[in-house]
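I opened the notebook to record what I looked up, beginning with the ligand and then moving to the chain and one loop residue.

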Amino acid sequence: MAPATDHQAASPPPEGDRLQKVLARAGVGSRRVCDDLVASGRVTVNGARAVAGQRVDPRHDLVSVDGVPVPVAPGLVYYLLNKPAGVVTTASDPANRRTVLDLVPAAPRVFPVGRLDYDTEGLIVLTNDGELAHRLAHPSHGVAKEYLAEVEGTPGPGDLRRLREGVELDDGRTAPAEVGQVAPCALRIVVHEGRNRQVRRMLEAVGHPARRLVRTRIGPVSDTSLRPGRWRPLRSEEVAALYAASAQGSETLRHRLRAAAHAGTAPRRTGGGR
Ligand code: URA
């Protein structure tokens, strides 16, 4: 190879990281897949269609695929925790009880996405990515959350129908839920809303209060091998899938609201979330 000339040595290195590499690092797919996404015009950088070979600044540029932001900034961490009962989801507790932050690394500082009750067990995401936190917790994105509930008594077909179609709570009727009976006194319930103590209140409303409630899935993320009290980092594909689910969720919710408005049964939209 010919030695570099003075002129070549003086030219500044290209700025930023190659877009395909940044996308692949964020778990969107292999470099080859990311090349194809860029070539087919599905990738934007700061709202403008990306071109092959483009370089980006992952700290500042907003990279999206099909309109869904991809978390490319360095320093973002994502933990999946299996919260045991008897732990609060807030960052600090005036009563000095154990919090979810006591169960994950202290640095970098993360916060829980949404909330599980003190007595509720199961999966919760903790992150320092405010955009993902907003998307997962906000009801407008309607990400599915699945629970396993052990209940008092044996719910009958009428109870299951009520839970599926929506029950009247003091803050309004719940949106349709998926409900399956996995044992005489155990239900699998999938909700897309995030009201305070929603699943417990739904079960109380049909006369079968929860004895035990466990969240087993958040959108596309589940993990039956994660023991109570343990956490693991989310894989980059899981983070990408959560972003995608939140975009899909808002589309599905818009459809549901339109259909419900048509039928005159619009479920109540509430703020805050879990
Ligand atoms: N619904 C509840 O009732 N409690 C939770 O912690 C989560 C969902």
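Which residues come nearest to the ligand? I looked this up in what is a predicted model, and I noted that L116, D117, T120, V199 and R200 come nearest among the 9 residues around the ligand.

I then sorted the shell around the ligand by residue class, and I wrote down 3 nonpolar, 2 polar and 4 charged residues. Turning to where these residues come from, I found that helix α6, which spans residues 198-205, contributes the largest share of the shell, with 3 residues.

For the chain as a whole, I recorded 7 helices and 16 strands, and I noted that 33% of its 274 residues are buried. I also looked at contacts with a separation of 6 or more, and residues 24 or more positions apart account for 65% of them.

Next I turned to G27, which I located in the loop between α2 (19-25) and α3 (31-39). Is G27 buried, partly exposed or exposed? I entered G27 as partly exposed, because 17 other C-beta atoms lie within 10 Å, whereas a buried residue would need 20 or more and an exposed one 12 or fewer.

I last checked what G27 touches, leaving out residues up to four places away in sequence, and I listed R235, S236, E237, V239 and A240. For the pair G27 and S236, I wrote down 209 residues of separation in sequence, against a C-alpha to C-alpha distance of 4.6 Å in space.

Technical notes. Residues are numbered from 1 along each chain as its sequence is written. This is a predicted model: local features need pLDDT of at least 70, side-chain atom pairs count only at pLDDT 80 or more; totals for chains, interfaces and linings use all residues. A residue is near a molecule or strand if its C-beta atom, placed from the backbone, lies within 6 Å of it. Helices (H or I, at least four residues) and strands (E, at least two) are DSSP runs, numbered from the N terminus. Ala, Val, Leu, Ile, Met, Phe, Trp, Tyr, Cys and Pro count as nonpolar, Asp, Glu, Lys and Arg as charged, and the others, Gly among them, as polar. Two residues are in contact if their C-beta atoms, placed from the backbone, lie within 7 Å.
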